[in-house]
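User: I would like to go through this model with you, beginning with the ligand and then turning to the annotated positions. Please reason through each answer before you settle on it.

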Amino acid sequence: MTPGKKLEGLVAAAITPMTPDGQINLSVICQYVDYLVREQNVKNIFVNGTTGEGLSLSIQERKQLAEEWVRQGKDKLDHVIIHVGALSLPESQDLARHAAAIGASGIAVIAPFFFKPTNKDELVAFLQKVASEAPGVPFYYYHIPPLTGVKIRVEELLDGIREQIPTFQGVKFSDTDLLDLAQCINKNGSEQFAFLYGVDEQLLGALAVGVNGAVGSTYNYLGRKTELMLQAFAKPDLALAQKYQFLIGEFLNFVIKLGFGVAQTKAVMTFVSGIPMGPPRLPLVNASEEFIAKAKAKLDSIAWPNSD
Ligand SMILES: CC(=O)N[C@@H]([C@@H](O)[C@H](O)[C@H](O)CO)[C@@H](O)CC(=O)C(=O)O
């Protein structure tokens with residue numbers, strides 16, 4: 001891992017591999033890291049988030065996964081960010097201390113979503129109590145209102161945030177409100193904080209307003225293609241960047257219509273990488289065989305530009 005290096009570019013939202021009987025499967029994480037680095041050229045990972053079913057895991061499982069990702073990523077990955085958000089503040093603090101103790105490169109926290117903060121001050125108070133348990137570890141706010149129902153604007157949250165959370169380093173922005181995202185970047189600059197976008201199907205729009213990178217589920221298996229989109233955008237070759245975004249969107253649009261979530265992501269990653277990701281945990285249920293066949297046929301049919 002590379003301490004001090006700014007978090008930018010693509011970050012894979014880690015899937016949590018499980019055995020057929022639903023236990024976490026740490027034994028494939030070494031292979032998973034090698035696959036990301038060698039086949040997808042992705043060197044950053046976001047552990048125990050949405051795609052990783054972090055909120056469906058026990059605290060003990062979350063710690064075991066964090067330890068294994070840090071251990072396996074030590075000499076191969078640039079950043080291992082651990083999501084430590086939980087509904088219970090002491091649990092979240094415990095996870096933050098643990099992430100610091102094992103040498104994670106950053107921690108992230110989702111807004112509590114059962115008893116929800118109703119304004120910025122309540123949310124920042126919660127985040128501050130977690131961040132202060134890991135005073136040497138870069139802290140990221142994980143904004144995902146479609147799942148948390150917490151719609152406090154990030155633009156508002158960032159106002160004066162470093163005074164309350166000195167380790168504040170950036171935002172994982174998993175929302176479609178590009179006005180809010182653009183204002184965050186306009187007011188704070190993407191040099192001061194890292195802005196990482198989390199809606200893979202419209203990353204190009206977020207690049208246009210200045211994000212530093214992206215965290216998402218599809219970078220597990222479309223990391224290399226998305227990297228080519230980032231390169232085309234940087235060149236700049238907007239037509240080529242659009243071509244990549246349209247094709248990524250074509251696949252996601254297709255699977256979203258079939259019903260797409262974490263269970264289906266596990267199935268897609270299994271057939272693309274060959275690494276068994278196993279079943280999801282209830283209440284999520286396995287992707288159907290019909291979904292798998294259709295998703296595979298669709299992905300295979302895409303004619304990527306300059307494809308290898
Ligand atoms: C709601 C959801 O799962 N969003 C994904 C996206 O990567 C999403 O899978 C993708 O845009 C396809 O819709 C990420 O934002 C989640 C994520 O980064 C995480 O697992 O923490």
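User: Which of the 16 residues around the ligand come nearest?

Analyst: This is a predicted model, and the answer should be read with that in mind. By class, the shell around the ligand consists of five nonpolar, nine polar and two charged residues. Within the 16 residues around the ligand, those that come nearest are Ala13, Gly49, Thr51, Gly198 and Gly216.

User: Where does UniProt place the feature "active site", and what is the largest C-alpha distance?

Analyst: The unreviewed UniProt entry places the feature "active site" at Tyr142 and Lys172. These positions are spread over 31 residues of sequence but cluster in space, with a largest C-alpha distance of 4.8 Å.

User: Is Tyr142 buried or exposed?

Analyst: Tyr142 belongs to strand E5, which covers residues 139-143. Apart from residues up to four places away in sequence, Tyr142 touches Gly49, His83, Gly85, Ala108, Val109, Ile110 and Lys172. Because 27 other C-beta atoms lie within 10 Å, Tyr142 is classed as buried.

User: Why does Lys172 count as buried?

Analyst: Lys172 lies in strand E6, residues 168-173, and, leaving aside neighbours within four places in sequence, is in contact with Ala108, Tyr140, Tyr142, His143, Leu196, Gly198 and Val215. The threshold for a buried residue is 20 or more other C-beta atoms within 10 Å. Lys172 therefore counts as buried, since the number of other C-beta atoms within 10 Å is 29.

Definitions and conventions:
Residues numbered from 1 in each chain as written. Predicted model: local features only at pLDDT ≥ 70, side-chain atom pairs only at ≥ 80, totals over all residues. UniProt positions renumbered as here; feature names shortened; annotations may be inferred. Helix = DSSP H or I, 4+ residues; strand = E, 2+ residues; numbered from the N terminus. Buried ≥ 20, exposed ≤ 12 C-beta atoms within 10 Å, placed from the backbone. Contact = placed C-beta atoms within 7 Å. Near = placed C-beta within 6 Å. Nonpolar A, V, L, I, M, F, W, Y, C, P; charged D, E, K, R; others polar.
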